[in-house]
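Dear colleague,

I am handing over the structure we spoke of, placed just below so that you can open it while you read. My notes on what was found in it come after.

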Amino acid sequence: MRHVIALDVGGTGMKAALVGADGTLLHEARRATGRDRGPEAVVETILGFAEELRALGQERYGQPAAAAGVAVPGIVDATHGIAVYAANLGWRDVPLRALLSERLDGIPVALGHDVRTGGLAEGRIGAGHGADRFLFVPLGTGIAGAIGIGSAIEAGAHGYAGEIGHIVVRPGGTECGCGQRGCLERYASASAVSLAWAEASGDPEADAADCAKAVESGDPRAVRVWQDAVDALADGLVTALTLLDPRTLIIGGGLAEAGETLFTPLRAAVEERVTFQKLPAIVPAALGDTAGCLGAGLLAWDLLAAPAHDADTAPSTEHSTAHDTDTAPSTAHDTDTGPADDATHDDADPRPTDSEVSA
């Protein structure tokens with residue numbers, strides 16, 4: 001059976017899969033990234049994991065994977081296959097595509113930004129299926145966005161498109177890792193809600209999920225914390241939809257797991273703020289934490305479908321020159337579980353130097 005290897009690398013864990021041509025997850029596995037051992041060890045873990053998946057595919061399906069796709073956080077040069085920088089992984093300028101291709105006996109490899117790759121999957125086979133324009137916004141440790149146009153993700157001229165988490169919604173407010181004050185992700189990310197609720201509740205171990213439960217039980221302190229986050233999020237989203245005019249707005253990440261506790265007040269807050277803008281459908285993400293892995297598989301299949309498979313000339317589905325449903329795919333046939341990072345866009349500071357500015 002023809003298949004590809006898909007890898008979604010997070011700050012603390014990796015998700016991987018063998019993906020069939022129809023998007024079916026043939027095999028899933030998870031493994032700790034091992035960032036405590038240093039960036040070189042992280043790279044070796046990725047390479048070794050991919051090599052094991054290749055061997056498994058060869059044994060199980062009688063042929064090796066036809067290609068591989070890998071999604072990583074931070075700054076990504078998708079065109080040249082370089083993982084430029086990731087704060088949580090400690091690496092700089094890693095030629096990950098070349099290293100993976102060499103370890104996998106020369107098969108073509110696609111490299112993508114984690115959030116954009118997840119957005120690619122949500123757009124094609126998830127909550128954005130059928131929408132010609134969509135915006136995917138996962139609310140995790142930070143906040144980022146993927147701008148969907150047709151069947152591709154727009155990365156911008158320099159690879160920074162979609163960094164909605166760094167829209168200033170509270171001028172002069174809380175300092176952000178990007179160097180600004182009042183950024184959206186400092187008020188409406190899962191980590192921001194966790195910090196605010198821990199302070200309001202007096203429980204240092206409390207998190208955003210606990211806050212959502214307290215909101216549902218009517219705790220006035222939790223309601224205030226939650227509404228503050230919803231208002232900030234609505235302010236940022238209205239700015240984004242004013243610029244982008246998406247048909248569908250897909251909200252994912254840990255905070256979206258609160259369901260209608262988030263979506264009901266969020267839809268109302270966005271509707272209150274729009275004037276001339278067309279209100280998009282605001283829907284929850286459909287693929288959960290498998291989006292990045294599925295998107296990496298799509299990148300690999302796109303690479304095989306391109307006119308040329310040459311690593312330096314094959315087009316990027318992200319349309320990038322630098323870095324970065326109606327029906328979901330069937331569930332995996334088997335799963336090898338282990339530690340994994342469920343946070344989304346976990347590089348709060350994507351800038352290695354003052355000159356590498358992230359919008």
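The notes below begin with confidence and then go through the cores, the strands and one helix.

Please keep in mind throughout that this is a predicted model. The mean pLDDT of the protein is 86, and 86% of its residues reach 70 or more. Two stretches call for caution: over residues 310–316 pLDDT stays under 50, and the model has 9 contacts beyond four places in sequence for them. Over residues 319–359 pLDDT likewise stays under 50, and there the model has 145 contacts beyond four places in sequence.

The largest nonpolar core has 43 residues, and those with the most contacts inside it are Val137, Trp226, Leu237, Ile251, Leu266 and Val270. At least two residues of this core come from each of strand E9 (133–138), helix H5 (190–201), helix H6 (208–216), helix H7 (220–244), strand E12 (248–252) and helix H8 (260–273). The most is given by H7, which supplies 12 residues. To take one member, Leu266 is in contact with Val230, Leu233, Ala234, Leu237, Ile251 and Ile282, once its neighbours within four places in sequence are left aside. Another core, of 33 residues, lies apart from this one, and Val76, Leu104, Ile107 and Leu111 are among its members.

Turning to the strands, E4 (residues 68–72) has 5 of its 5 residues buried, so this strand is largely enclosed by the rest of the structure. Its residues point in two directions, with Ala68, Val70 and Val72 on one side and Gly69 and Ala71 on the other, and all are buried. Strand E1 (residues 3–9) pairs with E4 in the parallel sense over 4 bridges, and within that pairing Asp8 stands opposite Ala71. E4 is also joined by 5 bridges to strand E8 (residues 109–113), again running parallel, and here Val70 stands opposite Leu111.

There is also an open sheet of 3 strands, in the order E5-E6-E7, in which the pairing is antiparallel. Strand E5 (75–77) and strand E7 (91–94) stand at the edges with a single partner strand each, so one side of each is left without a neighbour in the sheet. From one strand to the next the twist averages 15 degrees. E5 pairs with strand E6 (residues 82–86) over 3 bridges, and Tyr85 in E6 is the bridge partner of Ile75. E6 and E7 are likewise joined by 3 bridges, with Ala86 opposite Trp91. These two strands form a hairpin with 4 residues between them, and Gly90 in the turn has a positive phi of about 75 degrees.

Is Val94, a residue of strand E7, buried or exposed? Val94 has a relative accessible area of 10%, and because the cut-off for buried is under 20%, Val94 counts as buried. Leaving aside its neighbours within four places in sequence, Val94 is in contact with Val43, Gly81, Ile82, Ala83 and Leu99. With Ile82 the separation is 12 residues in sequence and 5.5 Å in space, C-alpha to C-alpha.

Lastly, helix H9 (residues 291–305) has 15 residues and reaches 21 Å from its first C-alpha to its last, close to the 21 Å expected at 1.5 Å a residue. H9 is mostly covered, with 13 of its 15 residues buried.

With kind regards

Terms used. Residues numbered from 1 in each chain as written. Predicted model: local features only at pLDDT ≥ 70, side-chain atom pairs only at ≥ 80, totals over all residues. Heavy atoms only, no water. pLDDT = per-residue confidence, 0-100. Contact = heavy atoms within 4.5 Å. Core = buried A, V, L, I, M, F, W, Y, C linked by side-chain atoms within 4.5 Å. Buried < 20%, exposed > 50% of the residue type's maximum accessible area, 1.4 Å probe, protein only. Pairing = 2+ DSSP bridges. Axes fitted to C-alpha atoms, helices over the stretch in contact; angles between N-to-C directions. Expected span 1.5 Å × (residues − 1).
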